[in-house]
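Here are a few exercises to help you find your way around a new structure. Have a look at it first, then work through the tasks one by one.

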Amino acid sequence: MRFLAVLALLVSSPLWARDAHYEGRYVDAHLHYVDFMQESEGMDAMFNAMDKARVEQAWVFGLPVVKKWEQSAPRRPRYFLGDEAPLYYYSATDDLLAQAIAALPQERRRRLVPFISGINPTDLNAARHVEALIERYPGLWRGIGEVITRHDDLTALTEGETPRANHPALMKVYRVAARHGLPVLLHSNLTSLREKTPIYLEELEDALKENPKTRFILAHAGTSGGVEARQAPLETLPAIVRALLERYDNLYVDLSWSVREHYLLDDDRPREVWLTLINDHPDRFTLGTDLVGHFGSMKKILNSYRPLLNALPEEVARRVASDNAKALVPEKGAVAK
């Protein structure tokens, strides 16, 4: 009888209560080398943070936009969401990253997985820009992104046409990505302020459906802090993500930033619905810090995922923390074809 009582207690206990501690290493699958001013603490600071956080490898990319310093501004902007000036697309971000990597010793280069990010997602020349970068830096690029489409306040502040996941310009980029075997890290909000339904889901599904040979990683699981911080989280998100994963085998999910803060954890306890979802699709999730040019909080951010990883089976935790990201990128960088 006592045995049965203990067994019942174990079965009824929540998954987060398991006595396990993730002690493995990480792949930071979402790391911006520069901030929204296109400035960075530099490679030494980045590698120092990676070493302290047990990050063996990082997907690293620039930022496709930069904050404009307008003549009317009382001072140089310090934050991208300031209302004194807009942002604009900045293709030089890829060259800044490429040159910084070129100056590194081989041992450090091997720990970085560079992505192309400096494209205007509404410019029909974007695919040609990607091809030109591959030709200019042969063997360097191993992915494309973060491609920023629907992104609440950032979208509203960026000059030009509103980007969307199924824009004809991006459809051409996705085909280039498939041809070179490059995954695409795509930021595409599922909803917007004052909306309780996923009004942008169709845009994302168009991209997935029309490009079955392109592997997509959905940044932040389709969420964005500018939305979740001002209204209740989207209650149907786990069900939406599950349906997408089951419908499209070319989709993967990035668990960085807002999805961690507003969905995954409840007072540092992982939510059962997400644990079940990850266990059901253990090869489809990655982790990242989403740091932008400043790296001191890398260890703190990754440690904040420990309750989630501790609640997963050891093998699944390792896949989410590192192995899935490694499997998604090609072993060698793209070369012109």
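**Exercise 1. Sort the residues that line the second largest pocket by class, then find where they come from.**

Keep in mind that this is a predicted model.

Step 1: Start with the classes. The lining of the second largest pocket splits into 8 nonpolar, 3 polar and 5 charged residues.

Step 2: Now look toward the middle. Of the 16 lining residues, Ile 101, Arg 109, Pro 114, Gly 139 and Leu 140 lie nearest the centre of this pocket.

Step 3: Trace the elements. Helix H3 (93-102), helix H4 (106-109) and strand E5 (112-116) each give two or more residues to the lining of the second largest pocket. H3 gives the most, with 3 residues.

Step 4: Add the volume, which is about 300 Å³ for the second largest pocket.

**Exercise 2. Do the same for the largest pocket.**

Step 1: The volume of the largest pocket is about 440 Å³.

Step 2: There are 25 lining residues here, and Phe 36, Phe 80, Trp 257, Asp 290 and Val 292 are the closest to the centre of the largest pocket.

Step 3: Go through the elements that supply two or more lining residues to the largest pocket: strand E6 (143-148), helix H6 (152-157), helix H9 (225-228), helix H11 (258-264) and strand E13 (291-292). H6 has the largest share, 3 residues.

Step 4: By class, you should get 11 nonpolar, 7 polar and 7 charged residues in the lining of the largest pocket.

**Exercise 3. Work out how helices H5 and H7 are arranged.**

Step 1: Find helix H5 (residues 126-136) and helix H7 (residues 168-180); their axes are 7 Å apart and the packing angle is about 30 degrees.

Step 2: Angles under 35 degrees count as roughly parallel, so H5 is roughly parallel to H7.

Step 3: Check the handedness: H5 passes H7 in a right-handed crossing.

Step 4: Pick out the contact. H5 brings Ala 126, Ala 127, Val 130, Glu 131 and Ile 134, while H7 brings Lys 172, Val 173, Val 176, Arg 179 and His 180. Sorted by class, the residues of this contact are 6 nonpolar, 1 polar and 3 charged.

**Exercise 4. Count the cavities of 30 Å³ or more and describe the lining of the largest cavity.**

Step 1: The count is 1 cavity of 30 Å³ or more.

Step 2: The largest cavity has a volume of about 40 Å³.

Step 3: Its lining is made up of Tyr 26, Lys 52, Ala 53, Arg 54, Lys 299 and Asn 303.

Step 4: Sort the lining of the largest cavity and you get 2 nonpolar, 1 polar and 3 charged residues.

Terms used. Residues are numbered from 1 along each chain as its sequence is written. This is a predicted model: local features need pLDDT of at least 70, side-chain atom pairs count only at pLDDT 80 or more; totals for chains, interfaces and linings use all residues. Side-chain values use heavy atoms; hydrogens and water are left out. On a 1 Å grid over the protein atoms alone, a cavity is a set of points where a 1.4 Å probe fits but cannot get out, and a pocket is an open set with protein on both sides within 12 Å along at least five of seven lines; lining residues have an atom within 4 Å of a point. Grid points are joined across faces, edges and corners, and a volume is the space filled by probe spheres set on the points. Ala, Val, Leu, Ile, Met, Phe, Trp, Tyr, Cys and Pro count as nonpolar, Asp, Glu, Lys and Arg as charged, and the others, Gly among them, as polar. Axes are lines fitted to C-alpha atoms, for helices over the stretch in contact, and angles run from 0 to 180 degrees between N-to-C directions. Helices (H or I, at least four residues) and strands (E, at least two) are DSSP runs, numbered from the N terminus. Angles under 35 degrees count as roughly parallel, over 145 as roughly antiparallel, 65 to 115 as roughly perpendicular and the rest as oblique. A crossing is left-handed if the near helix is turned anticlockwise from the far one by less than a right angle, and right-handed if clockwise. Contact means heavy atoms within 4.5 Å.
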